[in-house]
Amino acid sequence: MSRAALVWTRRRRALAGYARAFAGNRGGMAGLAVLALIGLAALTAPLFVDDAALSHTGAEGGRFQPPGLDHPLGTDAFGRSVLDLVVWGARISLTVGFLAAFASVALGTLIGVVAGHYGGWPGNVLMRVTDWFAVLPALVMAVALAAVMSRSTLTIIIAIGVTAWPTTARVVRAQTLAVEARPFIERARALGGGHAHVMLRHVLPNVMPVVLAQTTLLVAEAILMEATLAFLGLGDAGTISWGGIIEEARNAGAVSSGIWWYMIPPGVAIAVVALSFTMCGRALEGVLNPRQRERP
Amino acid sequence: MKQSTPAGATGERPAPATADAGGRYLEVDDLSVSYRTAGGEIPAVRGVSFGLEPGRKLGVAGESGCGKSTVALALLRLLPRSARTSGSVLLDGEDVLAMRWGRLRAVRWSGASIVFQGAMHALNPVQRVGGQIAEPLLVHGRADPAQARGQAAELLEQVGLPAWRARSYPHELSGGQRQRAMIAMALACRPQLIVADEPTTALDVMIQAQILRLIDELVAGLDISMLMISHDLSVLAETCDRLAVMYAGRIVEEGPAEEVFAAARHPYGAALSAAFPRVGDPASRRAPRGLPGDPPDPAELPSGCAFHPRCPEAQERCSRVDPLLWPAGADRSAACVRVLTPEQERAAGVPPADEGGGADRGHTAEPDPDGAAPAQARPHPQEWS
Amino acid sequence: MDTPSGAGRPAAGPTARRGRPGLHPAVRYLGGRVLTAVVSLLAVMVTSFFLFRVLPGDPVAALTQGRSVSVDQLEAMRRDFGLDQPLPQQFVDYCLGMMTLDFGMSYQYRVPVSELIAERLGPTLLLAGTGTVIAAVLGLVLGTRSGWRRGSLMDRVDTGIALTLWSVPSFWLGLLLIVLLASGAGLFPTSGMSSPGVEGTFAVALDVAHHMVLPVATMVAVVYAQYMMIMRSSVLDEMGADYLTTARAKGLRDAVVLRRHAVPNALLPTVTLIFLNLGRVVSGVILIETVFAWPGLGSLFYSGLRVPDLPIVQALFVVFAGSVIIMNLLADLVYPLLDPRVRT
């Protein structure tokens with residue numbers, strides 16, 4: 001067997017082991033199932049929701065109809081089906097959640113690996129910057145960023161990405177230090193591996209499991225943050241997102257006039273998705289990082 | 001089935017000069033402990049029996065992982081929930097393992113106290129030393145808070161620390177001072193038995209000697225029994241009356257401390273005493289030092305004698321015979337086939353030591369996985385007296 | 001926001017103790033912490049300045065996007081903010097202003113921002129303080145229980161509830177409570193901090209307390225989970241400690257072992273982390289005050305954001321970030337009082 005094939009077999013066996021351990025975690029599996037369902041609904045939404053039903057003028061329902069046979073979750077101020085809105089909102093919420101989480105994890109991983117690898121004063125300075133960002137109230141920072149940039153989904157992604165990375169950077173730095181203390185790194189160095197080689201070929205693959213778990217946990221946070229920014233009116237007014245629906249409901253007086261069907265579904269959707277990602281993330285953390293297993 | 005030492009293997013030792021069974025303060029009989037893990041039950045202690053008369057000192061020696069600390073914790077039922085214990089631990093005639101919780105709490109520290117290894121971690125880092133020494137006095141209702149404070153100060157002075165140290169936190173003490181504080185704490189309720197689990201490990205040699213002398217004086221002065229646990233046979237030989245050597249969860253050798261240290265009958269005991277030579281002992285310099293390999297994984301014990309893969313004197317039959325503590329001279333015993341005379345071997349059902357027994361090997365060379373095949377070598381008690 | 005996983009543990013105090021000879025370690029420790037806080041505060045001020053001025057090119061244009069504003073108004077705004085000055089001059093003015101707590105005039109209220117902040121600080125402290133204290137006590141008690149009995153039914157139920165509440169958006173939970181208990185059932189007022197026409201100290205206090213129930217409940221619900229999970233993992237960290245075996249060997253009851261030995265040790269890292277995670281309290285304040293129209297800094301921030309009112313947003317950015325930095329400094333200063341190992 002060739003070396004590459006050997007490595008491949010070993011990786012595949014490790015993956016199978018992880019998958020088994022994950023399957024044994026009931027919370028993680030439940031989260032995964034819910035996410036698969038919601039993901040499917042979001043992907044296929046254009047097949048059963050047409051654009052007209054989502055526009056302010058084209059919807060055929062009456063204003064603020066309570067849930068009924070036509071509209072299982074009732075209608076909003078423009079006669080749009082709340083169910084359609086929530087299903088459609090999943091597209092934006094999930095997209096923003098994923099992209100923002102990836103952006104911040106990528107940034108955090110970069111900073112964490114570099115800080116851990118170089119150490120010394122450059123690492124120290126990087127960690128000081130990280131500490132500073134970690135202390136800043138993320139919402140205030142994100143609000144400030146979103147307020148000064150143009151109103152768009154990209155702005156929201158950037159605002160979340162720029163504020164959520166410090167946790168990842170810390171975790172990755174700790175993991176990098178642990179990996180670099182192992183003997184094979186010294187061997188790689190002795191064989192003439194440069195900084196880039198060590199970081200990309202040795203540290204990064206070993207840090208990936210932690211990063212994966214971290215990403216999953218961050219998606220939950222990013223979705224909550226997106227909803228929050230949209231609720232504060234910083235989202236793109238042209239798109240439908242869960243936070244935006246809640247804001248519209250509030251502005252339309254749903255709270256005082258008790259139009260609960262307009263307000264409850266998007267919030268439940270946010271909570272369910274965030275909880276599912278959190279459960280998956282915790283399960284992943286337990287599987288990939290056995291030392292932390294049994295820890296929250 | 002792993003056979004445990006039969007109940008009287010040491011209890012009915014053939015030299016009852018000191019061993020008046022009724023006079024023993026501590027009587028451990030067939031104690032076994034296993035830990036439940038995801039991979040099944042893992043035995044840590046496999047049928048250990050010993051006794052301790054008032055005022056006497058027994059040393060338990062062995063490498064880390066041989067189960068000696070598990071024995072210490074089992075004496076007061078301090079093992080984690082995942083541990084399963086069987087056998088009996090009679091403390092002043094009462095079985096600790098069968099006690100109700102309230103009675104057990106009352107017996108803890110007042111009937112027997114423990115000097116833990118590494119006093120750095122065994123003391124609460126955020127409480128003052130004096131408070132920690134006084135705590136058992138208050139818990140057992142031996143003193144009111146003011147009296148307890150006074151007694152803690154007295155105890156500190158008794159172990160050679162100034163009374164004002166009561167106001168210190170553990171991290172403000174040196175390793176030796178912490179160990180002294182730990183000893184003061186163990187003495188607080190005037191127990192009849194002190195278990196010292198590696199009391200001098202992690203201390204440097206000078207401090208080690210001081211602590212040992214302190215323990216010696218206190219135990220002699222207060223007429224306390226002591227069970228001292230250490231990996232260092234020379235320390236135990238110096239301090240204790242009798243010695244028990246443990247390997248893979250069992251006692252493999254037992255006898256008067258000096259004799260076991262000077263001339264162990266079990267090859268493991270011999271290796272252990274060679275590893276810690278006494279200063280100025282020319283004989284020990286020639287003895288083989290160090291032992292190849294590591295102690296066996298308790299989850300996968302070798303067949304036959306658990307020591308045979310590392311044993312410098314292993315015979316072919318050692319992989320089949322699971323030896324018990326057999327008499328090995330006056331007042332001594334060892335779990336090794338080599339201590340038996342041919343007559344005793346026959347009586348115990350041990351296969352003969354002659355090599356090349358081809359026919360014999362035919363049915364016993366491959367031991368049954370569940371250990372049924374190895375000869376169940378039971379000694380006949382009447383034969384060894 | 002931080003995950004409830006409690007990742008990112010603080011570099012707890014003792015590291016600062018390895019010091020040069022000459023200075024007392026305690027002085028060095030305190031000095032280092034204070035210096036770090038001052039540098040962080042300066043960085044916040046600089047960030048605030050550049051964020052709102054340099055990033056979008058023209059802050060006035062950025063802040064008025066999508067609204068019809070006359071050229072005169074734009075000019076007036078520029079003058080008001082001193083934007084007609086060269087940048088370095090602006091920066092110097094801004095820093096001098098910050099030093100004297102002069103944050104400029106509010107655009108919408110036409111009063112100095114510092115006055116607005118002074119007026120609104122009390123309600124916010126009342127709400128955030130009450131909420132944080134209740135959440136901390138609840139979180140510590142539940143976290144201790146869960147950690148001590150890890151894997152039990154109670155642990156799983158408590159953890160499940162905490163994670164669920166952590167996943168719920170705080171503003172939505174607040175709205176839900178209003179729909180269910182205030183505008184629906186009429187048990188509580190829907191907004192504000194007091195009703196008109198209430199007289200007498202006791203009656204006023206009762207009225208304010210009545211107004212506080214829902215906002216505080218929302219705050220506690222979204223914040224306590226984090227404290228609970230941190231305490232739970234701290235207790236788990238202490239579970240295997242040798243001194244607990246010593247305590248049991250002494251004959252202490254399990255509950256006493258927990259209370260007298262495990263909890264004091266587990267509290268140390270938790271306290272630091274609670275202070276480190278105050279950012280979540282700040283976001284809670286902003287959203288909950290907005291939802292309940294609580295007359296505090298959070299709703300001021302929201303109103304500043306809607307107009308938009310640059311001096312308010314900028315000043316509150318500094319106030320919010322600065323308060324978290326100062327609370328962190330406080331945690332660093334309090335920690336040695338709790339942990340004798342750092343005190344020395």
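**View 1. A helical stretch of chain A, residues 125-148.** In this predicted model, the C-alpha atoms at the two ends of residues 125-148 of chain A are 28 Å apart. Follow the backbone between them and you will meet helix for 92% of the span, with 0% strand. The UniProt annotation, from an unreviewed entry, lists this stretch as a "transmembrane region". Residues 85-113, 154-172, 207-232 and 259-284 of chain A carry that annotation too.

**View 2. Another annotated span, residues 154-172 of chain A.** Here 95% of the chain is helix and 0% is strand. The end C-alpha atoms of residues 154-172 of chain A lie 26 Å apart.

**View 3. Ala142(A) and its contacts.** Which residues does Ala142(A) contact, once its neighbours within four places in sequence are set aside? Look for Ala159(A), Ile160(A), Thr163(A), Met225(A) and Leu229(A). Ala142(A) also belongs to the largest nonpolar core, a group of 285 residues. Together with Val143(A) and Val245(B), Ala142(A) touches the most other members of that core. Helix α10 of chain A, residues 195-231, gives the core its largest share, with 18 residues.

**View 4. An open sheet in chain B.** Now we move to chain B, which has 13 helices and 12 strands. Four of its strands line up in the order β2-β1-β4-β5, with antiparallel pairing. At the edges sit β2 (40-52) and β5 (94-95) of chain B, each pairing on one side only. Zoom in on β1 (residues 26-37) of chain B, and you can trace 10 bridges to its antiparallel partner β2(B). A handy place to start is Leu26(B), which stands opposite Leu52(B) in β2(B).

**View 5. A helix lying across the strands.** Helix α1 of chain B, residues 68-75, lies across β1, β2 and β4 (83-91) of chain B. At what angle does helix α1 run to β2(B)? The angle is about 70°.

**View 6. Confidence along chain A.** The average pLDDT of chain A is 81, and 91% of its residues score at least 70. Confidence is highest in helix α4 (residues 82-118) of chain A, at a mean of 88, and lowest in helix α3 (residues 51-54) of chain A, at 67. Over residues 292-296 of chain A, the pLDDT drops below 50. That stretch has 13 contacts in the model beyond near neighbours in sequence. Where pLDDT is low, predicted coordinates should not be read in detail.

How values were computed. Residues numbered from 1 in each chain as written. Chains lettered and ligands numbered in written order. Predicted model: local features only at pLDDT ≥ 70, side-chain atom pairs only at ≥ 80, totals over all residues. UniProt positions renumbered as here; feature names shortened; annotations may be inferred. Pairing = 2+ DSSP bridges. Contact = placed C-beta atoms within 7 Å. Axes fitted to C-alpha atoms, helices over the stretch in contact; angles between N-to-C directions. pLDDT = per-residue confidence, 0-100. Core = buried A, V, L, I, M, F, W, Y, C linked by C-beta atoms within 7 Å. Buried ≥ 20, exposed ≤ 12 C-beta atoms within 10 Å, placed from the backbone.
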